[in-house]
Amino acid sequence: MTSPSLDKSTPAAGTSSSGGEPILRLSGVTKNFPMRSGVFGRTTGSVSAVAGVDFELRKGETLGLVGESGCGKSTLARLIMGLLPVSAGSVEFEGQDITKLSRSGMRPLRREMQMIFQDPYGSLNPRRRVGSIIGDPFAIHKIADGEDRVRRVKELMELVGLNPEHYNRFPADFSGGQRQRIGVARALALRPKLLVCDEPVSALDVSIQAQVINLLDDLQDELGLSYIFIAHDLSVVRHVSDRVAVMYLGKVVELGTAERLYTEPRHPYTNALLSAVPLADPDRAAQRKRLVLVGDVPSPVNPPSGCRFHPRCPKAQEKCAAEVPTLDSGEGVALDPDDLAACHFPVLPGEDLTQARSALTGVQATPEAVFGAIGSNPGSGDPTNRDSTNGDSTNSGARA
Ligand code: SF4
């Protein structure tokens, strides 16, 4: 799926391959959506979509963002871009808190921060010519017009591997990969420093995914861009990212260098996600135990107390339901400052999670149904429970 040349998972453990200054800093970023009901639309509660996210992105770095559907990745992307107001916290771009800026104050920063959307089919107006679509940012920011704009657009088309002679064609005349290149060209028009890529290759065929990822990689080298790369395909994220942040129910539960996180995940949820990643080597795949999550992701309307993962975690103990774990390097564990986990009892190197047993649920973990569900009967072997377990894990892995 990915080219070997894209593999960035080789820097020394605990260090970003770029090691640059922060370009983006998130502190306590929170987003609650009000729930309304009745004819008067009264607020009856709120949905906790993003709950206190902290991280930095360095100049020239790619930070991958992964997690199940509904974990808050895309909402976080929109908060970073200023497309949604935060409920609390700050988003600093080059030292400036964009959450405090007015619409007009935000306008100059829009040139520096651009977004690439998931759907290359739906994000382009089918009735407009691609030259006009790519030239939109020049028109909106009143930077270039007439022949100058046409020249710049054609340069951009060349930069992303499109034929400038196709300037007057419509989106329908292009393949999926070419349409995503149109989106990339439009995002690059104003020479941004930061690109937030929200599932940029999910809608593309595997061979086309590699082309677009290679393009983003080349552009990063050429233009010194920084990327937030959101995807549900963990293999793609590993290959493009310097560091990876794992989200669960609105929180970052683990953050680390791609190499360390994929080989030695510390958070039980990360372990479960990674155990579902297909392996190319059949011998290694046959040896690996898959960690199966029991139960659905809890509702963000009423998230669990303490650690939000505790109802599904095989290592859960009393403390987990009582205290919110902070994203840190863990007590008594020698981790690089780049390697953080939000867990009271992180997984130790070599620890077999299939042997774990939740002190909260009392369920004995087994290789078939590793993660216990609250309320289920320990060791009962309830076939109904096991069936539902397997079904849930399949979803979990596929959407991870
Ligand atoms: Fe959360 Fe506790 Fe499990 Fe860590 S061990 S993930 S804190 S429930």
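**Close-up views of a predicted model**

**View 1. The low-confidence chain ends.** Over residues 1–18 pLDDT (the predictor's confidence in each residue, from 0 to 100) stays under 50, and the model has 49 contacts (heavy atoms within 4.5 Å) beyond four places in sequence for this stretch. Residues 368–400 likewise stay under 50, with 65 such contacts. Where pLDDT is low, the predicted coordinates should not be read in detail. This is a predicted model, in which local features need pLDDT of at least 70 and side-chain atom pairs count only at pLDDT 80 or more, while totals for chains, interfaces and linings use all residues. Residues are numbered from 1 along each chain as its sequence is written, and side-chain values use heavy atoms, with hydrogens and water left out.

**View 2. The salt bridge between E68 and R312.** The two side chains meet in a salt bridge (a side-chain nitrogen of Lys or Arg within 4 Å of a carboxyl oxygen of Asp or Glu) at 3.8 Å, N to O. E68 lies in the loop between strand 3 and helix 1 and R312 in the loop between helix 11 and helix 12, so the pair ties together parts 244 residues apart in sequence (helices, H or I, of at least four residues and strands, E, of at least two are DSSP runs, numbered from the N terminus). E68 is buried (under 20% relative accessible area, with exposed over 50% and partly exposed in between, for a 1.4 Å probe and protein chains only) at 2%, and R312 is also buried at 2%.

**View 3. The salt bridge between R78 and D198.** The closest N and O atoms of R78 and D198 are 3.1 Å apart. R78 belongs to helix 1 and D198 to strand 7, so this pair links parts 120 residues apart in sequence. R78 is partly exposed at 25% relative accessibility, whereas D198 is buried at 5%.
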